[in-house]
Structures are given as structure tokens and as C-alpha cells.
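Ready to poke around in a new structure? Grab a pencil, take a look, and work through the exercises below.

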Amino acid sequence: MEITQATAARSEDAYVTIGLSFVQAIQRLSEARSGSLALLLATRNFRKSGESIAQLHGPHSETLQVIRGITDDELESFEYITNVSLLVYATTLLDTFLTDTLRFLFLLFPGAMGSEGLSLKQVLNAASKTAIVSEAATRKAREVAFGSFPERIKFLRKRFHLSVALTPQATEALKHFAELRNLAVHDQAVFDVALDESGIVQVTQKAHLRRPTPLTADDVRRAVVVYRVVGAAVFIAIVRRVLKQVDDATTAIYRALLSQALTQEPDLIEPGERQKVKGV
């Protein structure tokens, strides 16, 4: 798996763009999370203040009356669905980054796709050889994406000989939050349906009535940190092993992804990598 320095240099810009897109998406997610938390806190504090709307004069009194009218149940539902939405979105961002990364690697090393069969129709309809390779890379990347996150990391390590530095804690947390996302997406049922011993269909409660998925705001926070760490580990592994182009741009992306983990969840980063963050 060797490419020339010239090819690596020309390809670096493409992968920096992929990495930067992931950083910007994570930033967008962080802004949404901060905004929703601030909105919830401000709304709850205002409703608890007991201040009379009649005492609040001015152009915003009607808006404040609307806020005061929000019920506890509405706030609880808003918070729950916001947390679910943020977790799903965060997981999708990592999913997209890993798929884009794999597509990039397949385009750089077409032989890594193995025996990727193409029909005669696909060959005849292709505009060029590069179009055939691009289509095959996209299809193969999507095929690998059906696996779990740990399976995809394992694929990157084995197929491209990458040293993706993740601690056991990070790997376990990655698996946990991906499973929590799947539960939130595919099972919002509150009741379980089954036959009892006499053959009669019965329903039993299996989850909280208002929060079927056991998910908190802190779960979302930690999931985002974990996904950032995983993205950083994959990104820098490719920069070091494949592109061999560690520069200001790649260093900035690596630091941006790891910044929160260093202060909030340092156990997710291998000790050696923690020392390299200040000078990748």
C-alpha cells in the first residue's frame, strides 16, 4: 500500500476537507446542544421565578406570557426528544465521516476494494475508468458501513494497516452510544407484547411512559466527546500513515477534535497521544 509523495500531497487537500467538514458539523451540533440547554434552563428559571406577568411591561410581555404558559410535561417532552435528536444527529456525523474516509481510501487505493464485481451494463454506461472506480468505491464504502462502528475501525486497521489509537474505554463507549442510538431510532415502545402462560396476548410496561429510551443530557455530552475522539484517531492515523503530511491544517483539525476530551474525558485518549496533541 504505497503511493508517491506527489500523489499524497495532491490528495491531502481532499482529506483535509473531509476532516474539516466533520469538525464544522460537530461545531454545529455543539451550538445546537448549547442553545437547547440554555433555552430549557432559561424557561424553567423564568417559570419558577413567580414574577407576575402584569409587572412586566413592554413589547415582550406577550412573549413572556407564552413562555409562562409552557407546562412541565411539555418541557419534559421537549428535553427528551431534543436529547434523542442530538444523539441521532451526532451518530450520523461520525457515520458519515467514516464512510467518507473509507471512500477516500478506496479511491486512493482501488486494489483495497478486493474483487469488486461490475456488471457489463455498469462498465458500458460509465463515462470513464475513473467513473467506474468512483462508483465501486462508493458502493464498497456503503457495504462496509453496514457493520458496527468497532467493526469499521477494525476494517480500517486491517485493510489499510492503520494505527487507530483508541483506549478500551473509548471502544466500549463507542459501542454503547451507537447501540443507544439504535434503540432510540428503532424502539420507542413503552409496552412489550407477548403471550402469557395461558396463551392470551398481554402487554407489560417495559420503559418509562414519557422517556422510553434511557437517555440524559449528559449521555449526549459524553457521546459527542467519544465521537470526536474516534474521529480524531481515524483522521490522524490516515494523515500519519497514508498521507505522511502532518502540517498546520491537519494539526488544527486534530487538536479541535480532541480539545473537549482532554478536559472532560482524558481516559478516552491513549497516554502517548495526549502528549502528542500539543505537537502532533
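**Exercise 1. Find out what kind of atoms make up the accessible surface, and how much of the chain is buried.**

Keep in mind that this is a predicted model.
Step 1: the chain has an accessible surface of about 15400 Å².
Step 2: carbon and sulfur atoms hold 56% of that surface.
Step 3: now go inside. With buried meaning under 20% relative accessible area, 38% of the 280 residues make the cut.

**Exercise 2. List the elements of the chain in order.**

Step 1: count them, and you get ten helices and two strands.
Step 2: walk from the N terminus, and the order is α-α-α-α-α-α-α-β-β-α-α-α.
Step 3: check the contacts too. Of those with a separation of 6 or more, 74% link residues 24 or more positions apart.

**Exercise 3. Work out how the two strands are joined.**

Step 1: locate strand 1 at residues 191–195 and strand 2 at residues 201–205.
Step 2: they run antiparallel, with five bridges between them.
Step 3: pick one bridge, and you'll see Phe191 partnered with Gln205 in strand 2.
Step 4: look at the turn of this hairpin. Five residues sit between the strands, and Gly199 has a positive phi near 85°.

**Exercise 4. Describe the largest pocket.**

Step 1: its volume is about 280 Å³.
Step 2: 15 residues line this pocket, and the closest to its centre are Gly147, Ser148, Phe149, Ala178 and Asn182.
Step 3: helix 3 (72–108), helix 6 (149–160) and helix 7 (168–186) each give two or more residues to the lining. Helix 7 gives the most, with five residues.
Step 4: sort the lining by type, and you find five nonpolar, five polar and five charged residues.

**Exercise 5. Describe the two cavities and what lines each one.**

Step 1: the count of cavities of 30 Å³ or more is two.
Step 2: start with the largest cavity, which holds about 60 Å³ of space. Its lining includes Ala165, Val229, Tyr254 and Glu273.
Step 3: helix 8 (217–243) and helix 9 (248–264) each supply at least two lining residues, and helix 8 has the largest share, four residues.
Step 4: by type, this lining has nine nonpolar, no polar and two charged residues.
Step 5: move on to the second largest cavity, with about 50 Å³ of space. Among the residues lining this second cavity are Arg33, Leu40, Glu79 and Val220.
Step 6: helix 1 (5–49), helix 3 and helix 8 each give two or more residues to the second cavity's lining.
Step 7: that lining splits into five nonpolar, three polar and two charged residues.

Methods: Residues are numbered from 1 along each chain as its sequence is written. This is a predicted model: local features need pLDDT of at least 70, side-chain atom pairs count only at pLDDT 80 or more; totals for chains, interfaces and linings use all residues. Side-chain values use heavy atoms; hydrogens and water are left out. On a 1 Å grid over the protein atoms alone, a cavity is a set of points where a 1.4 Å probe fits but cannot get out, and a pocket is an open set with protein on both sides within 12 Å along at least five of seven lines; lining residues have an atom within 4 Å of a point. Grid points are joined across faces, edges and corners, and a volume is the space filled by probe spheres set on the points. Ala, Val, Leu, Ile, Met, Phe, Trp, Tyr, Cys and Pro count as nonpolar, Asp, Glu, Lys and Arg as charged, and the others, Gly among them, as polar. Buried means under 20% relative accessible area, exposed over 50%, partly exposed in between (1.4 Å probe, protein chains only). Contact means heavy atoms within 4.5 Å. Accessible areas come from the Shrake-Rupley method with a 1.4 Å probe; for residues, only the protein chains shown count as cover. Two strands pair if DSSP finds at least two bridges between them.
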